[in-house]
Amino acid sequence: MADLRVNFCGIELKNPITTASGTFGFGHEYGEFFDLSQLGGIGVKGLTPTERLGNPAPRIAETPQGILNCVGLQNPGIDRFIKEQIPFLRQYDTKIIANVSGNTVEEYEGMVEKISDADVDLIEMNISCPNVKCGGMAFGTQPKMVEEVVSAAKAKAKKPLIVKLSPNVTDIAEIARAAESAGADALSLINTLLGMRIDIEKRRPILSNVMGGLSGPAVFPVAVRMVYQVRRAVSVPILGMGGIRTGRDIVEMLLAGADAVAMGTVMFNDPTAPVKALRELEEWMDAHGVKSVSELSGAVEVG
C-alpha cells in the first residue's frame with residue numbers, strides 16, 4: 001500500500017485531501033454522508049471578526065462546468081466558531097484548517113492572533129478581501145499590499161500560516177513571491193475566478209452582487225497552470241485547489257507542484273467525492289508503483 005501521509009508545514013496529514021473553505025461549512029452536513037476522519041484536513045467556512053449574514057439572494061448561479069457564488073462570507077463569527085464548532089470538529093481524527101478574512105490589516109492581525117490561541121492546526125488567510133483603506137482593492141492583487149498584510153499577520157501567528165491567493169491578478173508568481181518573502185509558511189491556490197451571468201429575459205445580472213466567484217471543473221486547467229507557475233517561484237508548501245473532482249485530478253495537481261489538495265464545488269454534486277477520490281488516488285499509485293504521495297509533488301516533466 002502506498003504511503004499517503006503528507007508533511008505540510010510540520011503538520012502530518014494522513015492523506016493529501018482536505019476540503020476547500022466556503023464549500024464545507026463546518027462539516028455537520030457532510031458528516032452524515034461519510035466519516036470525516038477519512039480526510040487529511042478540513043478547511044472550515046471563512047471566518048470574520050463578527051457574525052455576517054452574507055449577501056442577499058440570489059447568490060448562486062449555475063454555469064457550464066461550475067457555479068458562480070457571491071455568498072459574501074456568511075459565518076457566525078470567530079468567537080462562536082471557537083466555542084461551538086471546534087469541539088464538534090475535534091470528534092474526528094483530522095486536522096482543522098481555520099480560514100480567516102478581514103477588511104483592514106488590523107482585522108487580519110486580530111483574527112490571526114485570536115485563532116492562534118484556539119485548538120486548530122493550521123490558519124489559512126484569505127487575502128481576496130477588499131482593503132477598505134485602499135478604495136476596496138483586494139489585498140491579494142498588489143505585491144506591496146500582500147507583503148504588508150502577510151507580515152503583520154505572521155507576527156501574530158502561533159500556528160502555520162497559509163496564504164490563499166487570488167487568481168484575479170496579472171502575475172500569480174509575483175504575488176506568491178511577495179507572500180513568501182513576508183513570511184507565509186505555505187500558499188493555497190486558486191481562489192475563485194471573477195465571473196458574471198445575465199438573465200437574458202430580465203436583462204439583469206443573475207447574482208444580487210452582479211459578479212461572483214467561479215469555481216468547479218471549468219477552472220481546473222487554470223488552477224493547474226497557476227500551481228505550476230507558483231511552484232517554480234517559491235519553496236514553501238502549496239495547497240492546490242480549483243475544480244478537483246477525482247483521484248486522477250489530484251495526481252495532476254500534485255505533479256504540477258502541490259503538496260496537498262483541497263476539494264470543494266464537486267461536493268455539492270456528490271458529497272462523498274473526497275472519499276471516492278482518495279480510493280482512486282490509492283489505486284492509481286499502486287498501479288504505477290508510486291510508494292509515497294510526496295514523490296508526486298512537482299514531478300511533472302517539461303521539455
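How many bridges pair strand β5 with β6, and is the sense parallel or antiparallel? The close-ups below start with that pair and then move on through this predicted model.

**View 1. The hairpin of β5 and β6.** Strand β5, residues 60-63, pairs with β6 over four bridges, in the antiparallel sense. Look for Glu62, whose bridge partner in β6 is Ile67. The two strands form a hairpin, with two residues between them. In the turn you will find Gln65, which has a positive phi of about 60°.

**View 2. From β6 across to β14.** Here β6 (residues 66-69) meets strand β14 (residues 211-215), and three bridges join the antiparallel pair. Ile67, met above as the partner of Glu62, stands opposite Ser215 in β14. Asn69 has Gly213 of β14 as its bridge partner.

**View 3. Strand β11 beside β14.** Strand β14 is also joined to β11, which spans residues 193-196, by four bridges. These two strands run antiparallel. To find your place, pick out Met196, which stands opposite Met211 in β14.

**View 4. The closed barrel.** Which strands make up the closed barrel, and in what order do they run? Eight strands take part, in the order β3-β4-β7-β8-β9-β10-β15-β16, and their pairing is parallel. From one strand to the next, the twist averages 25°. One of the neighbouring pairs is easy to follow: β4 (residues 41-43) and β7 (residues 95-100) are paired in the parallel sense over three bridges. Within this pair, Gly41 stands opposite Lys95 in β7.

**View 5. Helices lying on the strands.** Helix α2 lies across three strands, β7, β8 and β9. The angle at which α2 runs to β8 is about 165°. Helix α5, made of residues 220-231, packs on the sheet as well, where it touches β10 and β15. The direction of α5 makes about 165° with that of β15.

**View 6. Helices α2 and α3 side by side.** As a guide for this view and the next, two packed helices are described by the angle between their axes and the distance between the axes. Helix α2 (residues 105-116) packs against helix α3 (residues 143-154) at an angle of about 30°, and their axes are 8 Å apart. Angles under 35 degrees count as roughly parallel, so α2 and α3 are roughly parallel to each other. The crossing of α2 past α3 is right-handed. On the α2 side, the contact is made by Val105, Tyr108, Glu109 and Val112, while α3 brings Glu148, Val149, Ala152 and Ala153. Of the residues in this contact, six are nonpolar, two are charged and none is polar.

**View 7. Helices α5 and α6 side by side.** Helix α5 returns here with helix α6 (residues 247-256) as its neighbour; their axes come within 8 Å and cross at roughly 30°. That crossing makes α5 roughly parallel to α6. From α5, look for Phe220, Ala223, Val224, Val227, Tyr228 and Arg231. They meet Asp249, Glu252, Met253 and Ala256 in α6. The residues of this contact divide into seven nonpolar and three charged, with no polar ones.

Notes. Residues numbered from 1 in each chain as written. Predicted model: local features only at pLDDT ≥ 70, side-chain atom pairs only at ≥ 80, totals over all residues. Heavy atoms only, no water. Pairing = 2+ DSSP bridges. Axes fitted to C-alpha atoms, helices over the stretch in contact; angles between N-to-C directions. Parallel < 35°, antiparallel > 145°, perpendicular 65-115°, else oblique. Left-handed = near helix turned anticlockwise from the far one by under 90°. Contact = heavy atoms within 4.5 Å. Nonpolar A, V, L, I, M, F, W, Y, C, P; charged D, E, K, R; others polar.
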